[in-house]
Amino acid sequence: MKLILIFGDQLNQNISSLSDIDKNHDLILMCEIWEEATYVRHHKKKIAFIFSAMRHFAEELLAKGYKIHYTKLNESYNTDSFEGEIARAIKKYKPDKIVVTEPSEYRVLEKIKAWNFHIPVEMRSDDRFLCTHIEFINWAKQRKQLRMEYFYRLMRKKYDILMDGDLPEGGKWNYDIKNRKRPTKMMNIPKKYMSNPDDITHEVMALTMEYFSDNFGDLEPFYFAVTRDQALQALDLFIEERLIDFGDYQDAMVQDEPWMYHSHLSFYINCGLLLPLECVKAAEAAYHDGKVPLNAAEGFIRQIIGWREYIRGIYWLKMPDYVNENFFEAKRKLPKLFWDGDTKMNCLSQCVKETKENAYAHHIQRLMVLGNFALIAGLDPVEVNQWYLIVYADAYQWVELPNVTGMILFADGGVLSSKPYAASGSYINKMSNYCKDCYYSVNKKSGFDACPFNFLYWNFLIANKEKLHENYRLQMIYHSVERMKEDQIHAIRSDSKRFFLELENNQKV
Ligand code: FAD
Ligand code: DLZ
Ligand code: SF4
């Protein structure tokens, strides 16, 4: 008899650990674990979402006739760790071996390696991901520089997605250049998928408030899909209503529009309710059926088979040292505005507010507002990583860490991307309507009412000149730095110094 352990992000009946399950003999073990619920102080919505999805998945397996042992967080006999729960199950059911699909995170893999239950442990690869570890390692070995674009092409060919024979559909691999439209007043953003909490969800919501009421974030309204059927409905709705404009407005941000034309599927893909390939195929089919343009389908597909897989590959390639990367030696503490959104910078205040309400912010908010600020303000990578891991309902270290350390902070010195995503206020002004409601003036470069992104951007470049000036993608920018007059540099430095002082003193900036 096998004891099959299913983690909270493996909620799919096609998971490799279940592939040869014998319904009559084998036992599935799922457990809500204090250790997992507290290794960071997760957003309330994230905890309720994972526990509700876990409980619904267990119910589905039971209904299909599987044997299942499920431990709820608040049960008195809960030992609070995977090891404790496995030991209890071994004592009670006497299995011959343990089967588990590899965990998504290094932290949990280390635990599994240390298991010593005196019965064999079979760890299977996680074939929800489209690129195996070995495939990624071999690909990386052959390159001087790792770049998502080339990896992505490999995945397109491997899975024959948007291919016309050996060539990419439409003649180009990447239509990103078309995907930078500014937001307009004419946009008619469809309503997003929302579910109504059922009894199971209400129960975990009560549990969340009982144990985690001090954690960051709003629990209500709770509207995530928590079953596979609901997640499939969310996918359908995205394909039918949003995908058509996904490409055009991928980088756009609008005041009080947290969802835009994004898919809001990361929560479900990451915990197993949806499979990445089925999302990709649905988008490809919509393109072939003439429902959506190529730039929309390609843009969405690239995020999943390109970015998502590339990020995961980098994580496993670079762990465990990746957590300590700090190329710029950034040390500034995470300011409290990241928690309360109490800032005169409207863009940041919007993104924090929406994050708090929804446990979600779309990519460009995470990258070009919150992330850009963290980079140019020199925030400590450990604190920034912890924040991102806490606040988003789709956050697991395998995906959060490379996005933060590699993509936004360039703390790995350029392993993941070729240049830092630093930008001044003019980028935010171009891609959003945040600036018109801001206390600061986006067109002003210096002074008390100048947009802080403006002087912090140049301050960052000047302060890190030694480390960056040889980067070929920053040549033009460093030529501008060279041409700056003494008084300009002085103004940038003194505005930044004043700003940092206010930030450190918890003044409202
Ligand atoms: P869409 O814009 O609709 O994109 C479709 C799908 O593509 C997403 O659901 C996701 O599965 C995938 N995807 C897109 N970009 C990425 C990426 N860079 N890395 C991995 N997958 C990607 N994503 C997470 O799933 N968990 C995280 O903890 C996370 N942290 C991030 C932190 C930072 C600093 C940044 C810049 C990005 C982070 N992302 C993370 C990536 C991305 O922002 C989210 O996947 C996306 O915003 C989720 O919303 P969506 O489902 O509406 O995505
Ligand atoms: C995110 C999360 C939380 C909050 N709680 C649990 C839990 O109690 N039990 C569980 O199996 N999984 C949980 N998860 C998801 C895990 O963090 C995820 O399964 C691991 O990261 C696997 O590597
Ligand atoms: Fe953000 Fe600057 Fe625009 Fe204000 S002016 S919203 S701080 S970019």
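In this predicted model, an oxygen atom of ligand 1 ends up 2.9 Å from an N or O atom in the side chain of H363. That is a handy place to start looking around this ligand. The side chain of S263 joins in too, with one of its N or O atoms 2.6 Å from an oxygen atom of ligand 1. A nitrogen atom of ligand 1 has a partner as well: a polar side-chain atom of Q303 lies 3.5 Å away from that nitrogen. The protein wraps ligand 1 so that 99% of the 810 Å² of accessible area the ligand has on its own is covered.

Who else is around? The surroundings of ligand 1 are made up of 29 residues, and H262, S263, H264, N270 and Y360 come nearest. Sorted by class, this shell has 16 nonpolar, nine polar and four charged residues. Several helices pitch in: α9 (266-271), α11 (294-318), α14 (363-376) and α16 (397-408) each supply at least two residues of the shell.

One of those nearest residues, H264, has a quirk of its own. H264 is not a glycine, yet its phi is positive, at about 55°. Its place in the chain is the loop between α8 and α9.

Now for ligand 2, which sits in the largest cavity. An oxygen atom of ligand 2 is 2.6 Å from a polar backbone atom of I33, and an oxygen atom of the ligand is 2.7 Å from an N or O atom in the side chain of E36. The backbone of S104 takes part as well, with a polar atom 3.4 Å from an oxygen atom of ligand 2. Of the 480 Å² of accessible area that ligand 2 has on its own, the protein covers 100%.

The shell around ligand 2 counts 18 residues, of which G8, C31, I33, E36 and E105 come nearest. Ten of the shell residues are nonpolar, three are polar and five are charged. At least two residues come from each of α1 (34-38), α2 (44-63) and α4 (106-113). Among the contributors, α2 gives the most, with three residues.

Away from the ligands, aromatic rings deserve a look. The count comes to 46 aromatic pairs. Take F238 and F300: their ring centres are 4.8 Å apart and their planes meet at 45°, so this pair counts as tilted. F238 belongs to helix α8 (residues 228-246) and F300 to helix α11, so the pair ties together parts that are 62 residues apart in sequence.

The backbone has a few oddities too. Most residues other than glycine have a negative phi, and most peptide bonds are trans. Against that background, the peptide bond from E220 to P221 is cis, with omega near -5°. P221 lies in the loop between α7 (199-212) and α8. Another cis peptide bond runs from M319 to P320, with omega near 5°, and P320 is found in the loop between α11 and α12 (337-340).

D160 also goes against the usual phi trend: its phi is near 50°, a positive value in a residue other than glycine. This residue is found in the loop between α6 (148-158) and β6 (163-164).

Key. Residues are numbered from 1 along each chain as its sequence is written. Chains are lettered from A and ligands numbered from 1 in the order in which they are written. This is a predicted model: local features need pLDDT of at least 70, side-chain atom pairs count only at pLDDT 80 or more; totals for chains, interfaces and linings use all residues. Side-chain values use heavy atoms; hydrogens and water are left out. A residue is near a molecule or strand if one of its heavy atoms lies within 4 Å of it. A polar contact is a pair of N or O atoms within 3.5 Å; within protein, one must be able to donate a hydrogen and the other to accept it, and residues adjacent in sequence count only if both atoms are side-chain atoms. Accessible areas come from the Shrake-Rupley method with a 1.4 Å probe; for residues, only the protein chains shown count as cover. On a 1 Å grid over the protein atoms alone, a cavity is a set of points where a 1.4 Å probe fits but cannot get out, and a pocket is an open set with protein on both sides within 12 Å along at least five of seven lines; lining residues have an atom within 4 Å of a point. A molecule sits in a cavity or pocket if more than half of its atoms lie within 2 Å of its grid points. Helices (H or I, at least four residues) and strands (E, at least two) are DSSP runs, numbered from the N terminus. Ala, Val, Leu, Ile, Met, Phe, Trp, Tyr, Cys and Pro count as nonpolar, Asp, Glu, Lys and Arg as charged, and the others, Gly among them, as polar. Rings of Phe, Tyr and Trp (its six-membered ring) pair if their centres lie within 6.5 Å; planes under 30 degrees apart count as stacked, over 60 as edge-to-face and the rest as tilted.
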